[in-house]
Amino acid sequence: MKIQPLADRVLVLPAPAEEKVGGIIIPDTAKEKPLQGTIVAAGNGTKDEEMVLKEGDNVLYGKYAGTEIEFEGEKYLIMRQSDVLAVIK
C-alpha cells in the first residue's frame, strides 16, 4: 500500500453497499454507507495509545467516522483507531 497512516490512524476499505433489497434495485443516492470494512494499512500508534488494529482486520465503525479519500480509483476511509467500534472475528 502506498498510503501509510500516521500515529493512531487506520486506512479502511469500506465493504460495498448493497445493490438490491428484496428484488428492488437501490439507486446510488439512496444507498446507505456501509458501516464495516477491512483495514488495509495502520499507523504505529502513539506513545499514549498502542496500535491494536492490524492489516486485514474486518471492523465496524461509526456512521460518520473518518474522512473519505480516493486513491488510484478506489475509495477509502482514514480514521483514528478510536473511531473503530469493533473487530469482526
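## A pairing between strands β1 and β7

In β7, Val-12 has Leu-77 as its bridge partner, and this pair can serve as a way into the model, which is a predicted one. The two strands concerned are β1, covering residues 9-14, and β7, covering residues 74-80, and they pair in the antiparallel sense over four bridges. Another facing pair is formed by Arg-9 and Arg-80, the latter belonging to β7.

## Strand β1 and strand β4

Strand β1 is also joined to strand β4, which spans residues 36-42, and here five bridges link strands that run antiparallel. Within β4, Gly-37 is the residue that stands opposite Pro-14.

## The hairpin of β6 and β7

Strand β7 has a further partner in strand β6 (residues 67-71), to which it is joined by five bridges, again with the strands running antiparallel. The bridge partner of Glu-70 is Lys-75 in β7. Two residues lie between the strands of this hairpin, where Glu-72 takes a positive phi near 50°.

## The chain as a whole

Looking at the whole chain, one counts eight strands and zero helices, so that, by the rule that helices and strands are DSSP runs, the elements read β-β-β-β-β-β-β-β from the N terminus on. Of the contacts between residues at least 6 apart in sequence, 64% join residues that are at least 24 apart.

The chain has 89 residues, and buried ones make up 28% of them. Its accessible surface comes to about 6300 Å², and carbon and sulfur atoms account for 52% of that surface.

Definitions and conventions. Residues numbered from 1 in each chain as written. Predicted model: local features only at pLDDT ≥ 70, side-chain atom pairs only at ≥ 80, totals over all residues. Heavy atoms only, no water. Pairing = 2+ DSSP bridges. Buried < 20%, exposed > 50% of the residue type's maximum accessible area, 1.4 Å probe, protein only. Contact = heavy atoms within 4.5 Å. Areas by Shrake-Rupley, 256 points an atom, 1.4 Å probe, with all protein chains shown as cover.
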